[in-house]
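Reader: I am new to reading models like this one. Please choose a single part and take me through it closely. Then tell me what lies around it.

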There are 2 protein chains.
Amino acid sequence: MALIVQKYGGTSVGSTEQIKNVACRIAKFQSLGHQLVVVVSAMSGETNRLLALAKETQDNPNPRELDVMVSTGEQVSIALLSMALIEMGFKARSYTGAQVRIHTDNAYNKARIIKIDEDKLRADLDAGYIVVVAGFQGVDETGSITTLGRGGSDTTGVALAAALKAKECQIYTDVDGVYTTDPRIVPEARRLKTVTFEEMMELASLGSKVLQIRSVEFAGKYKVRLRVLSSFEEGGEGTLITFEEDENMEQAIISGIAFNHDEAKITVLGVPDRPGIAYQILGPVADANVDVDMIIQNVGYDGTTDFSFTVHRNEFSRTMDILKSKVIPHIGARDVVGGDSIAKVSIVGVGMRSYVGIASKMFRALAEEGINIQMISTSEIRISVIVDEKYMELAVRVLHKSFDLDQTP
Amino acid sequence: MALIVQKYGGTSVGSTEQIKNVACRIAKFQSLGHQLVVVVSAMSGETNRLLALAKETQDNPNPRELDVMVSTGEQVSIALLSMALIEMGFKARSYTGAQVRIHTDNAYNKARIIKIDEDKLRADLDAGYIVVVAGFQGVDETGSITTLGRGGSDTTGVALAAALKAKECQIYTDVDGVYTTDPRIVPEARRLKTVTFEEMMELASLGSKVLQIRSVEFAGKYKVRLRVLSSFEEGGEGTLITFEEDENMEQAIISGIAFNHDEAKITVLGVPDRPGIAYQILGPVADANVDVDMIIQNVGYDGTTDFSFTVHRNEFSRTMDILKSKVIPHIGARDVVGGDSIAKVSIVGVGMRSYVGIASKMFRALAEEGINIQMISTSEIRISVIVDEKYMELAVRVLHKSFDLDQTP
């Protein structure tokens, strides 16, 4: 008998029919003798409906009141799922975030979990109840309702698993696991049986939308075994996100390929090569609340250098304006150029630590297809390149094949 | 400066546009220097939408979970109204029943308020906030959400007014006050400026659906001045429900005429006239959870009597079955007869206490129109008659005219 936390997303509980299906699935786990805590999101579409009502009422909805409002979405789901379980003859009981209590800070709309009171849940579990908890929400120290921000239900699941020392936190979603890359682009993409926490962090932040990055961080911090599974297919084992490399039985060098085309690149030309110049360029950008992703500065010659970075595509023109008006004249750079028709393609894998030549293999594969690399950045387990947006899908396919990701290791 | 509790029903907050209108109305009171606690219901239609979802999931929805679910309706309303007030530049803060805390017993779906913690609200009011509270809901001692049953938002308003010792509890609804009778039947019906608590109790329980009976009871118990006003018309003074007869300045003998055709009558014929017979007839009816309204037993002759009573029309055939199978053979009565095409018409007024001949005036007026009276029952301030359903509207019109209710006293 093990304690398992399961989390079902909005598309898994999108209708009362689907909620009954989820109840059936939970029933099977219960019948295996497991203790179950189930976290649910709002029915799909509900959060957007509530946000629209809020926007109709206030252009910029008050953050505290917005949380009072949108938290009702999950509250409806927990009641319905509990009813479905009770209808099937099980003992079930629902809890809102405030009822559990899931203590958070008071950063409405994007609160962070501080701690969880697990006594009531533990007592219910010991009394044979299936405990159903509203995802995405908590309560601050004054008793006000908070939400964790979109996708925060994953974090609720992981946090509950950590607090209750659950054997595993299972995230049920509309895909059956984490893939080597997006199967819509590479039909040969393969589901990974396991992926390490670090790889998942890189994959999540680079564009694989399977899990919210904060829930992965949380799982890493509290050493929670996380498993991604399909809520529509029966019997799959999904993908286990391990925090021990030893558990990663596949041991491929590269685990997956992530990509996105949300970014734009900006290059400041003829920057005087002197200390403090990076701060003089990026300081005004940060002051304007623009998030900078990749940053590249090459070795200078002639006393000048080129300085490049990427920002979110939505911030491109605003950032160009800042540079033209506040930075270029001030630091005496020659010009600023940029473009938003770029894509970032990354290969991710803990195997990189032990193997050499991964980067050159990647660059050769792209070169053979005539794909020009505009920027490169690396971390210990990731190599990212910026290419022309029109080559993004080709690059992903080529790399998937080059690193044999379609083959089971 | 006075502390006023205002309650707005579902039709007053049916859309974000209407919520903005309510916010404007509240703003005017605030600008007069009043402290305001505002109670709101769910947006009209929302509670029914939630109930339908629950019914889809469980034939007989679990009472605890049903309350978790339907309480979200008011939670959305309080957030939206607070947003609308904040958008207008006011300080506003919302509270669910659990957040206030409105302590109730644990009778889910029909809980009763035990006490209200008013400290947080008082502090907010003193800090210049408009406090917006979810109607219809509370929390039991284990922290589970409860609801007060349909229409319970009125009760929340009255209970808050009592706890905060408010000057007045204003119930905004879709009518502009309490009328001498339903204006759809008697166009000359007149709005009452005041009505006593006792009269309102009789009018509410007899079919005037302006206020929920439990909120009136509560107002009487805690001596809360209650005022019914229209949420759609500006500037009206509505109807004040007073608990002091002296405040009832109009001093009419009869205040209003109530009526309904929800009942059915049942007569047990040839009942042996001996002690305990009433219990032998009504005991099995009560055991079947059938609510009995009027009960009439005439003086017997020949050792037998006829025993009549009324029940809700929906319970008519079930009650007849109980009597035929369990009562008649057992007590040795002759037969049981009944019918459901009846109506109850009542005249209500505290003036009855001081005037004689009111009943005979009523009976003469009905007789002059050829309306046969089938049953009569009275209380200190009410006389009710059962007539054939087809004469109901005529009876109401005749009595309204006979007692000069179209004239200002």
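Author: H3(A) and H3(B) cross with a left-handed turn. Left-handed means that the near helix is turned anticlockwise from the far one by less than a right angle; clockwise would be right-handed. This is a predicted model, so local features need pLDDT of at least 70, side-chain atom pairs count only at pLDDT 80 or more, and totals for chains, interfaces and linings use all residues. Residues are numbered from 1 along each chain as its sequence is written, while chains are lettered from A and ligands numbered from 1 in the order in which they are written.

H3 covers residues 63-87 in chain A and residues 63-87 in chain B. Helices here are DSSP runs of H or I with at least four residues, strands are runs of E with at least two, and numbering starts at the N terminus. The two H3 axes come within 8 Å and cross at roughly 170 degrees. An axis is a line fitted to C-alpha atoms, for helices over the stretch in contact, and angles run from 0 to 180 degrees between N-to-C directions. H3(A) and H3(B) are therefore roughly antiparallel. That term covers angles over 145 degrees; under 35 is roughly parallel, 65 to 115 roughly perpendicular, and the rest oblique.

Now the residues. On H3(A), those that meet H3(B) include A:Glu65, A:Val68, A:Met69 and A:Thr72. Further along come A:Gln75, A:Val76 and A:Ile78, among others. Their partners on H3(B) include B:Leu66, B:Val68, B:Ala79 and B:Met83. Contact means that two C-beta atoms, placed from the backbone, lie within 7 Å. The helix-to-helix contact has 15 nonpolar, six polar and two charged residues. Nonpolar means Ala, Val, Leu, Ile, Met, Phe, Trp, Tyr, Cys and Pro; charged means Asp, Glu, Lys and Arg; the others, Gly among them, are polar.

Step back to the whole interface. Here 27 residues of chain A touch 28 residues of chain B. On the chain A side, H1 (16-31), H2 (46-57) and H3 each supply at least two residues. H3(A) gives the most, with 14 residues. By class, this side has 14 nonpolar, ten polar and three charged residues.

Next, look within chain A. Chain A splits into domain 1 (3-247) and domain 2 (252-403); such bounds come from an automatic or database domain assignment. H3(A), at residues 63-87, falls within the bounds of domain 1. The C-alpha centres of the two domains lie 34 Å apart. In their contact, 18 residues of domain 1 face 16 residues of domain 2. Strand S10 (194-196) and helix H7 (197-205) each give two or more residues to the domain 1 side. H7(A) gives the most there, with four. That side has eight nonpolar, five polar and five charged residues.

Finish beyond H3. A cis peptide bond joins A:Val100 and A:Arg101, with omega at about -25 degrees. A:Arg101 sits in the loop between H4 (97-100) and S4 (102-104) of chain A. In chain B, a cis bond joins B:Val100 and B:Arg101, again with omega at about -25 degrees.
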